[in-house]
Amino acid sequence: MGVSVATDRCIGAALCAMTAPEVFTQDDDGVGQLLPGGSERAGDPSVKEAARACPVQAIILHG
Amino acid sequence: MQNTRPPEDTAAPAYPMTRACPYQMPVGYEELRERGPLTKVTLYDGRQVWLVTGNEVGRALFPDPRLSSDVLHPGFPFLAPRIAAQTQQRAAPPLVGVDDPQHGRQRRMVIPGFGIRRVAALRPEIERIAEGLVDEMLHRGSPAELLSQYALPLPSAVICALLGVPFEDRGYFDERSRHVLSSSGEGEAEQARKAFTEILAYLYDLIAKKEKEPGDGLIDELIAHQLAEGSVDHQELAMICSLLLVSGHETTSNMIALGTVTLLEHPDQLALLRADESLLPGAVEELMRFTSIGDVLMRVAAEDIEVAGHTIRAGDGVAMSTMLMNRDPRAWEDPDSFDVRRSAGRHVAFGYGIHQCIGQNLARAEMEIAFRTLFRRIPGLRVPVRSDELPLNAPYVLQGVAELPVEW
Ligand code: HEM
Ligand code: SF4
């Protein structure tokens with residue numbers, strides 16, 4: 001199980017960082033970003049919820 | 001103009017529909033909702049368009065690149081003649097009215113200004129503004145008009161601070177931005193057009209002034225980076241700033257006023273909030289879901305789309321009803337009841353897909369602070385008339401009350 005952010009698609013709504021703040025943040029350009037160690041928590045329910053919340057399906061769950 | 005049938009055709013009722021109560025569904029929505037996630041309605045000009053009412057189907061369609069927001073597309077549907085006329089007069093509005101790749105380029109430019117850390121840093125300023133407005137209202141005494149004394153000046157001061165628009169110019173916009181987004185009725189199309197032109201001209205001048213004397217707002221950052229690098233010209237930058245200024249005003253002020261009415265008419269829910277302020281962020285989401293003030297978002301199909309057993313043909317108009325999607329019984333239990341403790345998080349009241357509201361986190365902070373400050377400082381606040389007696393905005397603009405008399 002892994003997770004990544006398709007940054008080219010992100011529209012900076014920050015719903016990922018609001019839904020799962022322990023996994024996602026925003027970089028200085030306002031684009032969604034994984035926090036260090038964030039991918040290890042890919043199985044958390046909040047990550048699944050963040051993937052659902054993202055308006056452009058830019059949170060990608062693998063495996 | 002495909003599939004035109006007479007407007008009295010009950011298979012495709014006239015749309016948009018008028019709310020009787022400012023926060024409840026119009027009467028005809030009940031029936032529309034029962035017809036399934038995708039149905040048809042008839043616009044003022046006799047044109048039939050698709051109406052999306054289901055939450056799942058809406059969430060699938062909003063991000064679909066085959067659905068276009070390009071208002072200059074010859075098939076783009078309009079909800080009222082005044083909106084059609086307004087759009088024909090000028091270029092497409094940036095962001096909301098364009099598709100990718102133009103949209104993505106413009107959006108990337110402005111998202112740093114609306115990041116979560118930026119919004120968090122603005123909170124103390126928003127609190128100061130809210131406290132100051134309540135001080136003034138209390139000083140002038142009961143009765144008051146909440147829209148002009150609180151709900152409008154708050155977001156106005158906040159968006160001006162964020163953009164770097166001089167404080168003393170604020171009054172200029174309060175009036176004009178209202179004309180742009182919520183005016184309806186006789187002769188107001190002309191007024192809306194004039195107001196927008198004036199705002200645009202003002203920002204054009206402000207940008208020129210700031211090029212010589214930089215300040216510290218988002219406009220100054222856009223000048224220093226995007227304009228200087230040549231990724232945007234003066235005209236486009238002025239258009240983007242006008243859009244941000246206008247959308248930052250009206251939407252949030254309508255939500256503060258209508259949210260106040262909704263809370264006051266659900267005293268049990270308001271009591272829950274008063275007892276436990278940690279419920280406030282959830283209550284704001286529920287207010288957004290329940291009132292769905294930006295009810296109808298228009299699109300045109302750029303290609304054929306197969307969805308929910310139907311084929312939307314290229315050139316068909318599509319109306320996305322955020323209110324019906326937000327009151328879909330398949331997405332929420334008892335969707336027509338207002339419940340601040342429910343998990344309303346999956347609403348589409350800020351839209352969905354690439355156009356989802358850029359100011360949503362700013363708006364959330366403003367609403368939270370506005371409601372907390374108002375109900376803390378004026379615990380005896382009440383509206384002397386019933387909500388269905390309040391003057392409402394027209395059905396084809398942002399939903400909300402046009403006036404809100406209050407007493408305490
Ligand atoms: C509670 C208040 C607000 C509501 C209900 C609201 C609602 C919406 C909705 C429904 C959309 C999607 C439009 C579409 O898909 O066609 C949108 C987009 C937008 N909103 Fe908001 N909004 C609010 C506050 C704000 C604020 C404070 C700003 C600040 C500048 C703002 C700026 C924008 C912009 C620029 C867009 C276009 C984004 C794009 O097309 O990429 N909004 N808003
Ligand atoms: S929720 Fe999606 S669009 Fe929003 S910041 Fe995260 S990745 Fe980007």
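Helices here are DSSP runs of H or I at least four residues long, numbered from the N terminus. By that count, B:Pro124 falls in helix H5 of chain B, which covers residues 116-140. The model is a predicted one, and what follows takes its two chains in turn before moving to ligand 2 and a few individual residues.

Chain A has two helices and four strands. Walking along the sequence, they come in the order β-α-β-β-α-β. The radius of gyration is 10 Å, and the globule rule gives 11 Å for 63 residues, so chain A is as compact as a globular protein of that length. Its C-alpha atoms fit a box of roughly 25 × 20 × 20 Å along the principal axes. Buried residues make up 51% of the 63 in chain A. As for contacts, take the pairs in chain A with a separation of 6 or more: 61% of them involve residues 24 or more positions apart.

Chain B carries 15 helices and nine strands. Its radius of gyration is 21 Å, which agrees with the value near 22 Å for a compact globule of 408 residues. Along the principal axes, the C-alpha atoms of chain B take up a box of roughly 55 × 55 × 40 Å. Of its 408 residues, 58% are buried. When contacts in chain B are limited to residues at least 6 apart in sequence, 73% link residues at least 24 apart.

Back to B:Pro124 in helix H5. This proline has 42% relative accessibility, which lies between the 20% and 50% cut-offs, so B:Pro124 counts as partly exposed. B:Asp99 is 25 residues away from B:Pro124 in sequence, and their C-alpha atoms are 36 Å apart in space.

Ligand 2 sits in chain A territory as far as its nearest residues go: of the 13 residues around it, A:Cys10, A:Ala13, A:Ala14, A:Cys16 and A:Cys54 come nearest. The shell is made up of 11 nonpolar residues and two polar ones, with no charged residues. The space that ligand 2 takes is the second largest cavity.

One of those nearest residues, A:Ala14, also stands out for its backbone. Its phi is near 65 degrees, a positive value in a residue other than glycine. Most residues other than glycine have a negative phi. A:Ala14 lies in the loop between strand S1 (2-5) and helix H1 (15-19) of chain A. With 6% relative accessibility, which is under the 20% cut-off, A:Ala14 counts as buried.

Chain B has an alanine with a positive phi too: B:Ala308, at near 50 degrees. This one is in the loop between strand S6 (305-307) and strand S7 (310-312) of chain B. B:Ala308 counts as partly exposed because its relative accessibility is 42%.

Two cis peptide bonds in chain B are worth a look, given that most peptide bonds are trans. The bond from B:Tyr15 to B:Pro16 is cis, with omega near 0 degrees, and B:Pro16 belongs to the segment before helix H1 (29-34) of chain B. The bond joining B:Asp100 and B:Pro101 is cis as well, with an omega of about 5 degrees. B:Pro101 is in the loop between helix H3 (81-88) and helix H4 (102-110) of chain B.

B:Tyr352 ties the two chains together on the contact list. Leaving out residues up to four places away in sequence, B:Tyr352 touches A:Arg52, A:Ala53, A:Cys54, A:Pro55 and A:Gln57 from chain A, along with B:Arg59, B:Phe62 and B:Pro63 from chain B. A:Cys54 is also among the residues that come nearest to ligand 2. The loop that holds B:Tyr352 runs between helix H14 (322-326) and helix H15 (360-377) of chain B. B:Tyr352 is buried, because its relative accessibility is 4%. B:Pro63 is 289 residues from B:Tyr352 in sequence, yet their C-alpha atoms are 6.7 Å apart.

B:Thr262 is another buried residue, with a relative accessible area of 0%. It sits in helix H11 (residues 234-264) of chain B. Beyond neighbours within four places in sequence, B:Thr262 is in contact with B:Tyr23, B:Leu287, B:Phe290, B:Thr291 and B:Phe338. B:Ile369 lies 107 residues from B:Thr262 in sequence, with a C-alpha to C-alpha distance of 17 Å.

Terms used
Residues are numbered from 1 along each chain as its sequence is written. Chains are lettered from A and ligands numbered from 1 in the order in which they are written. This is a predicted model: local features need pLDDT of at least 70, side-chain atom pairs count only at pLDDT 80 or more; totals for chains, interfaces and linings use all residues. Side-chain values use heavy atoms; hydrogens and water are left out. A residue is near a molecule or strand if one of its heavy atoms lies within 4 Å of it. On a 1 Å grid over the protein atoms alone, a cavity is a set of points where a 1.4 Å probe fits but cannot get out, and a pocket is an open set with protein on both sides within 12 Å along at least five of seven lines; lining residues have an atom within 4 Å of a point. A molecule sits in a cavity or pocket if more than half of its atoms lie within 2 Å of its grid points. Ala, Val, Leu, Ile, Met, Phe, Trp, Tyr, Cys and Pro count as nonpolar, Asp, Glu, Lys and Arg as charged, and the others, Gly among them, as polar. The radius of gyration is taken over C-alpha atoms; the globule rule is 2.2 Å times the number of residues to the power 0.38. Buried means under 20% relative accessible area, exposed over 50%, partly exposed in between (1.4 Å probe, protein chains only). Contact means heavy atoms within 4.5 Å.
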